[in-house]
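Here are some exercises to work through with the viewer open. Try each task yourself before reading its solution.

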Amino acid sequence: MSMLLSQKRGAPSTPAVEASPKATEGGRQSPRAVLPGEVDRSVPCNADPNDPVSRARAAAAAVVDPEIPVLTIEDLGVLRNVSIGEDGVVEVAITPTYSGCPAMNMIAVEVALALEKAGFPGARVKTVLSPAWTTDWMSEAGRRKLAEYGIAPPKPKAGRQALFGVEEVACPRCGSADTERVAEFGSTACKALWRCRTCREPFDYFKCL
Ligand SMILES: [Zn+2]
């Protein structure tokens with residue numbers, strides 16, 4: 001779990017790896033190897049280094065969901081607000097995707113840890129329940145990453161359809177709409193287990209709320 005947090009900040013100095021000196025300035029493009037356990041993600045380097053709120057937000061935004069490690073809490077729309085209190089301590093507001101979602105406690109801890117690593121110790125992470133989280137808060141990037149991960153992303157505004165039991169969920173593997181729900185709860189309470197009748201593969205569906 002802790003490795004999910006390991007984010008390479010855009011630190012200019014990379015010690016140790018100075019085997020070949022300057023020679024390669026514009027010559028060969030050697031993409032920096034992604035080390036095992038390192039999450040290769042091109043995240044918020046748009047943080048303004050001179051703006052503490054911006055830096056704090058970038059640090060918090062890069063925290064991943066413990067259940068769906070390809071998604072950051074920003075992708076999910078779980079990260080609601082980052083500010084700095086009058087006492088100089090960072091305050092973060094998060095909204096759980098699902099009431100009683102046990103992952104939320106973990107997310108709060110990881111946010112505090114990420115902020116501490118980024119130089120903001122003792123951050124206060126509070127859970128905001130209202131307005132309630134909706135799948136509409138997920139970013140486009142989040143939906144795409146979810147599908148690539150093999151979980152059918154929630155459709156925007158699916159709540160009403162779900163109410164009438166006419167949910168249609170496309171298989172994230174083959175795209176077939178010929179799917180059926182196997183169980184209300186999948187591997188976690190936030191997901192339902194579905195199966196594709198075309199390719200016969202089971203998959204998790206991120207529950208629409
Ligand atoms: Zn399929």
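**Exercise 1.** Find how far H4 reaches from its first C-alpha to its last, and set this against the span expected at 1.5 Å a residue.

*Solution.* Start with the length: H4 has 15 residues. The expected span is 1.5 Å times one less than that number, which gives 21 Å. In this predicted model, the helix reaches 21 Å, close to expectation. Then look just past its end, where Gly119 follows with a positive phi near 95°.

**Exercise 2.** Work out the order of the strands in the three-stranded open sheet, and say which strands stand at its edges.

*Solution.* First, recall how such a sheet is held together: strands pair through backbone hydrogen bonds, either parallel or antiparallel. Here the order is S1-S2-S3, and the pairing is mixed. S1 (79-84) and S3 (124-127) each have a single partner strand, so one side of each is left without a neighbour in the sheet. On average, neighbouring strands are turned by 15° against each other, direction ignored.

Next, zoom in on one pair. S1 and S2 (residues 90-94) run antiparallel and are joined by five bridges. Within this pair, Ile84 sits opposite Val90 of S2.

**Exercise 3.** Which strands of the sheet does helix H2 touch, and which does H4 touch?

*Solution.* Take H2 (residues 52-61) to begin with: this helix packs on the sheet against S1 and S2, and its direction makes about 145° with that of S1. Now move to H4 (residues 103-117), which packs on the sheet against S2 and S3, its direction making about 155° with that of S2.

**Exercise 4.** Identify the residues that touch the most other members of the largest nonpolar core, and trace where the core's residues come from.

*Solution.* Step one is the centre of the network: among 42 core residues, Ala60, Val111 and Leu115 touch the most other members. Step two is the suppliers. H2, H3 (73-76), S1, S2, H4, S4 (151-152), S6 (191-196) and S7 (202-206) each give at least two residues. H4 provides the largest share, six residues. Step three is the domains: domain 1 (42-133) and domain 2 (139-206) each contribute at least three residues to this core.

**Exercise 5.** Which residues of H4 are buried, and what does Val111 contact beyond its neighbours within four places in sequence?

*Solution.* The buried residues of H4 are Met104, Ile107, Glu110, Val111, Ala112, Ala114 and Leu115. With those sequence neighbours set aside, Val111 is in contact with Ala60, Val63, Val92, Ile94, Ala123 and Val125.

How values were computed. Residues numbered from 1 in each chain as written. Predicted model: local features only at pLDDT ≥ 70, side-chain atom pairs only at ≥ 80, totals over all residues. Pairing = 2+ DSSP bridges. Axes fitted to C-alpha atoms, helices over the stretch in contact; angles between N-to-C directions. Contact = placed C-beta atoms within 7 Å. Buried ≥ 20, exposed ≤ 12 C-beta atoms within 10 Å, placed from the backbone. Core = buried A, V, L, I, M, F, W, Y, C linked by C-beta atoms within 7 Å. Domains from an automatic or database assignment.
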